[in-house]
Amino acid sequence: DAIERFDAALRLAPDSADAFYYRGRTHQFRLDWAKAEADWGQALKCDPKFVPALVDRGRYRMRRFSEIFIDCGGGGYLKDNVEANLLKTQAAEDFAAASKALTGDELHAVEAMVRLAEGNSSAAVDLAERAVGRRATDEELWKVLGDAYYFSSNVDAYQRTAGTQSLNIQKAVDAYTKAIELRTNFPEARAMRAPSRFRVSARAD
């Protein structure tokens, strides 16, 4: 069992950021998000500049923020939601910290996530599109692009721009699908494509 192997590794090296990070990834694959976030936090205690943990924790926090956004019916209802505002701030901090250690297309991808956390979805889409344009075989970048369109469609829903919302959610589905084509075993992309497809079908109905 993968978890047991990482547990054993941590008994031998309790300050291993890698072991905490990959145990967190294993929890993520099993959809045990709370344990995943906890392990990424432990990895960052071992190494505060551990970029993969910063990025994955930031993505998870943005995912939770988006869920609250949808449940509340849009941004205007989040003004006094302490949890949502904290998640958004924490995600922006994670992405900003990660961006300091990156260059090139990887930097553009993380900057796209910073813009998402800041609520600037149009800038996020632009940065992600540019990164994908230069590295079209990078499934992680396609996942970021899908996230950019997915979260921008949430903003469109709140602003009642139905045409743009419909277009962006379909683009999110397309980007997640491309990511999965490039890496069949990509649970994060599959996890986001499912609600995106549901929203496309709901609008069609």
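These legends walk you through close-up views of a predicted model.

**View 1. Helices α2 and α3 pack against each other.**
Start with α2, which covers residues 17-29, and α3, which covers residues 33-46. Their axes lie 8 Å apart and make an angle of about 165°. Angles over 145 degrees count as roughly antiparallel, and α2 and α3 are therefore roughly antiparallel to each other. The crossing of α2 past α3 is left-handed.

**View 2. Side by side, the residues where α2 meets α3.**
On the α2 side, look for A17, F20, Y21, R23, G24, R25, H27 and Q28. Facing them from α3 are W33, K35, A36, D39, W40, Q42, A43 and C46. Sorted by character, the residues of this contact comprise 8 nonpolar, 4 polar and 4 charged.

**View 3. A cavity inside the model.**
Searching the whole structure turns up 1 cavity of 30 Å³ or more. The largest cavity has a volume of about 170 Å³. To find its centre, look for R59, Y60, R63, K143 and D147, the lining residues that lie nearest to that point.

**View 4. The lining of the largest cavity, helix by helix.**
In total, 16 residues line the largest cavity. At least two of them come from each of α4 (51-72), α6 (104-118), α8 (139-159) and α10 (187-204). Helix α4 gives the most, with 5 residues. By character, the lining has 9 nonpolar residues, 1 polar residue and 6 charged ones.

Methods
Residues are numbered from 1 along each chain as its sequence is written. This is a predicted model: local features need pLDDT of at least 70, side-chain atom pairs count only at pLDDT 80 or more; totals for chains, interfaces and linings use all residues. Side-chain values use heavy atoms; hydrogens and water are left out. Axes are lines fitted to C-alpha atoms, for helices over the stretch in contact, and angles run from 0 to 180 degrees between N-to-C directions. Helices (H or I, at least four residues) and strands (E, at least two) are DSSP runs, numbered from the N terminus. Angles under 35 degrees count as roughly parallel, over 145 as roughly antiparallel, 65 to 115 as roughly perpendicular and the rest as oblique. A crossing is left-handed if the near helix is turned anticlockwise from the far one by less than a right angle, and right-handed if clockwise. Contact means heavy atoms within 4.5 Å. Ala, Val, Leu, Ile, Met, Phe, Trp, Tyr, Cys and Pro count as nonpolar, Asp, Glu, Lys and Arg as charged, and the others, Gly among them, as polar. On a 1 Å grid over the protein atoms alone, a cavity is a set of points where a 1.4 Å probe fits but cannot get out, and a pocket is an open set with protein on both sides within 12 Å along at least five of seven lines; lining residues have an atom within 4 Å of a point. Grid points are joined across faces, edges and corners, and a volume is the space filled by probe spheres set on the points.
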